[in-house]
Amino acid sequence: MKVLVTGAAGSIGRTLVRGLSGLGHELRGLDLVDGPALPLGWLVGDCLDPAVADEAVARVDAVVHLAGNPNEASLPESLESHVQTTGRLLEAMRSHGVSRMVYASSNHAVGHTPSGEVLTVGARPRPDTYYGVAKASAEALLSLYADRRGIGSVALRIGSFGDRPGSVRELSTWLSPDDAVRMVDAALRSTEPGFHVLYGISANTRAWWDLGPGRALGYDPQDDAETYADGVTPGPDDEAQNAYVGGPHVSQLQLPPAF
Ligand SMILES: NC(=O)c1ccc[n+]([C@@H]2O[C@H](COP(=O)([O-])OP(=O)(O)OC[C@H]3O[C@@H](n4cnc5c(N)ncnc54)[C@H](O)[C@@H]3O)[C@@H](O)[C@H]2O)c1
């Protein structure tokens, strides 16, 4: 499949560029910074720029949209980084007839949900930050473009991406690099029309989130954070971090004024 990866120079992007290439996808990268030579080229630019978005989606089959600031910011900055970039790419996709997007959403779209019961994809949006508001809003935009424009999408509510879990919370929320590649590959290959949500975690023994919808789309995670449990040192903040799905975003981040 010919695929545009936005945010391809980032931590998840670099992993996906290697992994998806290895699975036979032909890639084009887009990022604010330069990156490796890819079969469909590498664009340096801002995907908010209409000319950049237009050039980026030309002659691809699908878009994997990772570009965005993964940290908390003001409300306008968050909306620009996550919602407006998504809208810009969706419009460019519409004019080029590209009908599939895989989107890096976040657990923070539902981060203020108390932990305890296994969270399903039917949970209402319950953001814990402006970042979470922007991710929930980007999901709503994808839903609109699926229903009204026929652009199918999968929003991946990613937990904690990294080489290994680094805290007790991450024993529940970890997403391994190999599973990230498996997940995005499955979302790209799925022929399900419409808008879908799945939780982006590995097959963690202590998972808080329902992997069923991801499995139904073909995501078959192979790693388990439990493998690393002996190396994770319990900390004084574990109880607070485990109280809400969003962890430290809820227990440690004060919510500043929106503007
Ligand atoms: N890392 C995680 O655990 C995690 C968890 C949940 C969601 N996510 C989401 O996954 C995506 C990737 O996260 P990451 O950890 O790789 O972040 P990262 O900061 O390492 O990478 C993001 C990349 O996007 C690029 N970028 C940002 N804005 C851009 C724009 N307007 N146009 C073009 N490029 C732009 C940056 O230059 C950077 O290379 C983000 O959307 C993030 O919110 C990540």
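In this predicted model, helix α6 gives three residues to the lining of the largest cavity, the largest share of any element. The structure holds one cavity of 30 Å³ or more, and the space in the largest cavity comes to about 30 Å³. Its lining consists of Ile12, Leu16, Leu66, Leu156, Ile158, Leu175, Ala180, Met183 and Val184. By class, nine of these residues are nonpolar, with no polar and no charged residues in the lining. At least two lining residues come from each of α1 (11-22), β6 (152-158) and α6 (177-189).

Helix α6 has 13 residues, which should span 18 Å at 1.5 Å a residue; the end C-alpha atoms of α6 are 19 Å apart, in agreement with that value. Of the 13 residues of α6, 10 are buried, so the helix is largely enclosed by the rest of the structure. The buried residues are Pro177, Asp179, Ala180, Val181, Met183, Val184, Asp185, Ala186, Ala187 and Leu188. Ala180, Met183 and Val184 appear both among these buried residues and in the lining of the largest cavity.

Helix α3 spans residues 75-96, a run of 22 residues. The distance from the first C-alpha of α3 to its last is 31 Å, close to the 32 Å expected at 1.5 Å a residue. A kink of about 30 degrees is present in α3 and is centred on Ser81. Ser81 is itself buried, as are Leu75, Ser78, His82, Val83, Thr85, Thr86, Gly87, Leu89, Leu90, Ala92 and Met93 of α3. In an α-helix, residues three or four places apart point the same way, because there are 3.6 residues a turn. The buried residues of α3 pack against two helices and three strands, namely α2 (50-57), α4 (130-149), β1 (2-6), β4 (62-65) and β5 (100-106). After α3 comes Gly97, with a positive phi near 70 degrees.

The largest pocket has a volume of about 860 Å³. Its lining is made up of 40 residues, and those nearest the centre of the pocket are Leu66, Gly68, Asn69, Pro70 and Tyr131. Two or more lining residues are supplied by each of α1, β2 (26-31), α3, β5, α4, β7 (160-161) and α9. Helix α3 provides the largest share of this lining, four residues. By class, the lining of the largest pocket has 21 polar, 13 nonpolar and six charged residues. Leu66 is named both in the lining of the largest cavity and among the residues nearest the centre of the largest pocket.

His249 is located in helix α9 (residues 248-251). The relative accessible area of His249 is 17%, and this residue is therefore classed as buried, the cut-off being under 20%. Residues up to four places away in sequence being left aside, His249 touches His108, Asp128, Thr129 and Tyr131. One of these contacts, Tyr131, is also among the residues nearest the centre of the largest pocket.

A positive phi also occurs at Arg59, about 65 degrees, although this residue is not a glycine. Most residues other than glycine have a negative phi. Arg59 is placed in the loop between α2 and β4. With a relative accessibility of 67%, Arg59 counts as exposed, since the cut-off for that class is over 50%. The two elements that flank this loop, α2 and β4, are among those against which the buried residues of α3 pack.

Terms used. Residues are numbered from 1 along each chain as its sequence is written. This is a predicted model: local features need pLDDT of at least 70, side-chain atom pairs count only at pLDDT 80 or more; totals for chains, interfaces and linings use all residues. Side-chain values use heavy atoms; hydrogens and water are left out. On a 1 Å grid over the protein atoms alone, a cavity is a set of points where a 1.4 Å probe fits but cannot get out, and a pocket is an open set with protein on both sides within 12 Å along at least five of seven lines; lining residues have an atom within 4 Å of a point. Grid points are joined across faces, edges and corners, and a volume is the space filled by probe spheres set on the points. Ala, Val, Leu, Ile, Met, Phe, Trp, Tyr, Cys and Pro count as nonpolar, Asp, Glu, Lys and Arg as charged, and the others, Gly among them, as polar. The expected span of a helix is 1.5 Å times one less than its number of residues. The bend at a residue is the angle between axes fitted to the seven residues ending there and the seven starting there. Buried means under 20% relative accessible area, exposed over 50%, partly exposed in between (1.4 Å probe, protein chains only). Contact means heavy atoms within 4.5 Å.
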